[in-house]
Amino acid sequence: MRVSVDKDVCACTGTCALIAPEVFAIENHSELVVLDPEPVDDTLRDLVVEAAEQCPTGAIEITE
Ligand code: SF4
């Protein structure tokens, strides 16, 4: 799976970084980064899906 974040849509709430810190992080207090190089390890799939579902702005896109 691959994951990307639309930075124009992301509100930097940090929700995804709390759910899946192996993949997402907030840097410099205001910039969301995807840490894990693509493709994301399948063992993290459930966490990434949950992060996308919980993202309040729908900024996370998952593709297979
Ligand atoms: S949960 Fe969504 S809005 Fe919040 S930091 Fe992550 S991508 Fe951005």
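**Notebook: backbone turns and the ligand site**

I began with His 29, which lies in the loop between β2 (24-27) and β3 (31-34); I note here that the model I am reading is a predicted one. His 29 has a positive phi of about 65 degrees, although it is not a glycine. Is His 29 buried or exposed? I found a relative accessibility of 81%, so His 29 counts as exposed, the cut-off being over 50%.

I then looked at the two strands on either side of this loop, and found that β2 and β3 pair in the antiparallel sense over four bridges. They form a hairpin with three residues between them, and in that turn Asn 28 has a positive phi of about 55 degrees. For the register I noted that Glu 27 stands opposite Glu 31 in β3.

Next I turned to Cys 12, which is found in the loop between β1 (2-5) and α1 (15-19). Cys 12 is not a glycine either, yet I read a positive phi of about 55 degrees for this residue. Its relative accessible area is 28%, so I entered Cys 12 as partly exposed, since that class runs between 20% and 50%.

Last, I looked up the ligand. Which residues come nearest to the ligand? Of the 14 residues around the ligand, I listed Cys 10, Ala 11, Thr 13, Cys 16 and Cys 55 as those that come nearest. Sorting the shell by class, I recorded ten nonpolar and four polar residues, and no charged residues. As for the space taken by the ligand, I noted that this is the largest cavity.

How values were computed
Residues numbered from 1 in each chain as written. Predicted model: local features only at pLDDT ≥ 70, side-chain atom pairs only at ≥ 80, totals over all residues. Heavy atoms only, no water. Near = heavy atom within 4 Å. 1 Å grid on protein atoms, 1.4 Å probe; cavity = no way out; pocket = protein on both sides within 12 Å on 5 of 7 lines; lining within 4 Å. Sits in = over half its atoms within 2 Å of the grid points. Nonpolar A, V, L, I, M, F, W, Y, C, P; charged D, E, K, R; others polar. Buried < 20%, exposed > 50% of the residue type's maximum accessible area, 1.4 Å probe, protein only. Pairing = 2+ DSSP bridges.
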